[in-house]
Amino acid sequence: MIAGVLVALLLGGVGTSFAIAWRPAIATIDPPQPQSFAPGLVKRGRVLAALGNCNDCHTVRGGRNFAGGLPVPTPFGTVYSSNITPDVETGIGRWSEAAFQRAMKLGVDREGRHLYPTFPYDHFTNVRDEDDRALYAYLMTRGPVHAPARDNELAFPLNQRIVVAGWKFLFLHPGTYRADPTKSAEWNRGAYLVEGLAHCGACHTPRNALGAERLNAIFAGGDVDHWQAYAINAQSPSPVPWDADALYAYLRDGFHPDHGTARGPMAGVVRNLSVVPADDVRAIASYMADVFGAPSAERRERGEAALAQAKSPAAAAADSAGGAIYAAACAPCHESSQAPPYGGINLVLSSAISSSDPRNLANIVLAGVRPVEGELSPIMPGFAASMNDAEVAALLVYLRSRFSKQPAWSDLDNIVAEARRTQTASLDTRTDARNASSDTAQRAKP
Ligand code: HEC
Ligand code: HEC
Ligand code: HEC
């Protein structure tokens with residue numbers, strides 16, 4: 001299949017006219033003085049950078065902010081993020097604002113080379129010029145870091161950047177986002193952020209064989225870093241339907257009592273959103289509530305039944321291997337109305353158990369939920385050291401049958417083994433990515 005993909009990419013490249021494939025270099029400039037940017041503009045840029053998760057991809061654990069070098073694995077090979085500090089040799093210190101804006105809108109670097117769409121410019125193309133200006137001001141006033149780019153690990157012909165011209169021809173729709181005058185200002189603000197800078201679909205929308213988001217399945221659930229980014233539309237697996245208030249709390253604080261906490265790659269998103277003005281998060285929540293749509297009567301009833309079951313849990317039956325583990329290791333925190341930070345939600349409410357994909361649950365059981373430094377945030381121990389794969393699999397079988405009405409999962413042995421392999425290396429250790437102290441966790445995204 002990969003061969004077919006390559007051929008299609010090449011054909012796309014060839015089919016693209018020379019004019020589209022070729023972009024001129026934009027002249028270098030003398031690095032602008034930090035004082036030349038208005039403080040208000042820089043401050044706005046900081047918020048926008050948080051909305052765009054720039055730090056998440058452009059910073060490695062223990063590395064300096066925005067200095068790049070994070071490996072982003074894709075089905076086609078590994079792409080390393082660039083140094084976007086204003087270093088004159090290895091960063092963007094000599095980039096003009098026009099060059100920066102072109103990178104955001106068209107995925108082309110200053111010298112005119114095509115950038116890989118691992119950099120989500122298929123979303124960033126929707127960012128307005130004045131927001132690009134603020135982002136530029138913010139990045140150009142950071143400390144320059146000397147950090148040479150790392151070579152991508154892509155096979156021929158994908159290591160030829162010209163191939164990306166074909167991809168863009170097929171999948172990049174520059175600046176097509178339009179406000180909808182029939183909707184409220186809040187809805188439009190939310191749509192602008194979600195479809196643009198916040199690039200929610202980059203993780204939550206499934207991708208086609210060429211690594212592009214499937215436009216006929218927007219927000220239907222995607223893959224990132226060995227986690228499932230759940231469907232966040234009408235196909236949501238959440239036992240209790242999401243609404244604007246719950247979305248706001250979850251996105252802003254990383255927790256809602258009917259839904260639980262944000263983990264894995266979503267933890268970094270939520271941490272970034274905690275520095276964003278409340279109005280913007282409110283706008284994202286209200287737009288997304290519309291994307292989810294009003295729940296059907298049947299859906300609402302199921303949600304109420306789950307909430308009722310969570311309030312009066314039946315005693316855990318220790319009549320199976322998984323049940324015995326649950327009663328001893330999990331119920332004390334998940335069914336005892338323990339106070340935070342140790343109290344977890346009743347698992348009948350968890351999307352991790354009602355989802356058709358068991359990976360997130362396996363990840364959580366093995367690696368737990370790490371606290372956010374300096375905050376009273378949820379804590380759950382990981383069980384990687386105390387349970388073997390067979391025990392974890394038995395536990396998952398039990399949880400699925402006790403806490404959901406969905407069909408049993410299959411292939412659990414492989415999934416648990418895979419989770420152990422990936423999570424011991426890269427579980428959500430990037431909760432503090434904002435301060436660049438975070439991690440080498442890899443982004444598994446086309
Ligand atoms: C999902 C990961 C991801 C996110 C989020 C992300 N980037 Fe990147 N970015 C990359 C990767 C990977 C590259 C390198 C692409 C390549 O080499 O073709 C890159 C390249 C760039 C470049 C080109 C630099 C150069 O020297 O060629 C700029 C500028 C940039 N990103 C800015 C940003 C900004 C600003 C944000 C936040 C608004 C951001 N990126 C968010 C992954 C990301
Ligand atoms: C870097 C990838 C990534 C990005 C970007 C991202 N998400 Fe997520 N999201 C995830 C993952 C992975 C999960 C599952 C996390 C978990 O199990 O706690 C998730 C979970 C969620 C959930 C919980 C769903 C449920 O039923 O439990 C919501 C709601 C959500 N994301 C909304 C958003 C919105 C809105 C945006 C944009 C502002 C966004 N996400 C951006 C990866 C991402
Ligand atoms: C020391 C208390 C503690 C123990 C023991 C514990 N958990 Fe947790 N768990 C938590 C906390 C706190 C959270 C985060 C808040 C939340 O999401 O419920 C959590 C989150 C979860 C979640 C995510 C729920 C969601 O969708 O947000 C799952 C699934 C889970 N735990 C399963 C388990 C299983 C299975 C066990 C036993 C092997 C277990 N937990 C043991 C405290 C605990």
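This report describes the surroundings of three ligands, and one helix, in a predicted model.

## Surroundings of ligand 1

The shell around ligand 1 consists of 25 residues, of which Cys54, Cys57, His58, Tyr116 and Arg161 are the closest. By class, this shell divides into 15 nonpolar, seven polar and three charged residues.

Polar contacts to ligand 1 involve both side chains and backbone. A polar side-chain atom of His58 is placed 2.9 Å from a nitrogen atom of the ligand, while a polar side-chain atom of Arg161 lies 2.7 Å from an oxygen atom of ligand 1. For Tyr116, the contact is made by a backbone N or O atom, which lies 2.7 Å from an oxygen atom of ligand 1. Two or more residues of the shell come from each of helix 4 (54–58), strand 2 (77–80) and helix 5 (97–106), and helix 4 gives the most, with three residues.

## The iron site of ligand 2

The iron atom of ligand 2 has two protein donors, His204 through NE2 and Met266 through SD, which lie 2.0 to 2.3 Å from the metal. Because the six donor atoms around this iron atom subtend angles of 87 to 179°, the arrangement is octahedral. His204 belongs to helix 10 (residues 200–204) and Met266 to helix 12 (residues 265–273), so the pair ties together parts of the protein that are 62 residues apart in sequence.

Is the histidine donor, His204, buried or exposed? His204 counts as buried, because its relative accessibility is 12% and the cut-off for burial is under 20%.

## The iron site of ligand 3

At the iron atom of ligand 3, coordination from the protein is provided by His334 (NE2) and Met380 (SD), at 2.0 to 2.2 Å. The site has six donor atoms with angles of 85 to 179° among them, and it is octahedral. His334 lies in helix 15, whereas Met380 lies in the loop between helix 17 and helix 18, so that this pair ties together parts that are 46 residues apart in sequence. His334 has a relative accessible area of 16% and is buried.

## The shell around ligand 3

There are 27 residues around ligand 3, and those that come nearest are Cys330, Cys333, His334, Ser350 and Met380. The shell comprises 19 nonpolar, seven polar and one charged residues. Strand 7 (260–261), helix 15 (321–334), helix 17 (359–367) and helix 18 (389–403) each supply at least two of its residues, and helix 15 gives the most, with four. Since both domain 2 (185–292) and domain 3 (313–428) give residues to this shell, ligand 3 lies between the two domains.

Oxygen atoms of ligand 3 take part in several polar contacts. A polar side-chain atom of Ser350 lies 2.5 Å from an oxygen atom of the ligand. Polar backbone atoms also contribute, with that of Thr261 at 3.0 Å from an oxygen atom of ligand 3 and that of His259 at 3.4 Å from an oxygen atom of ligand 3.

## Helix 17

Helix 17, which supplies at least two residues to the shell around ligand 3, is itself mostly covered, with eight of its nine residues buried. The buried residues are Asn360, Leu361, Ala362, Asn363, Ile364, Val365, Leu366 and Ala367. Just after this helix, Gly368 adopts a positive phi of about 70°.

Notes. Residues are numbered from 1 along each chain as its sequence is written. Chains are lettered from A and ligands numbered from 1 in the order in which they are written. This is a predicted model: local features need pLDDT of at least 70, side-chain atom pairs count only at pLDDT 80 or more; totals for chains, interfaces and linings use all residues. Side-chain values use heavy atoms; hydrogens and water are left out. Donors are N, O and S atoms within 2.8 Å of the metal (3.2 Å for Na, K and Ca); water is not among the atoms, so sites may look incomplete. Four donors count as tetrahedral if all angles lie between 85 and 135 degrees; four count as square planar and six as octahedral if opposite donors are over 155 degrees apart and all others between 65 and 115; anything else is irregular. Buried means under 20% relative accessible area, exposed over 50%, partly exposed in between (1.4 Å probe, protein chains only). A residue is near a molecule or strand if one of its heavy atoms lies within 4 Å of it. A polar contact is a pair of N or O atoms within 3.5 Å; within protein, one must be able to donate a hydrogen and the other to accept it, and residues adjacent in sequence count only if both atoms are side-chain atoms. Ala, Val, Leu, Ile, Met, Phe, Trp, Tyr, Cys and Pro count as nonpolar, Asp, Glu, Lys and Arg as charged, and the others, Gly among them, as polar. Domain bounds come from an automatic or database domain assignment.
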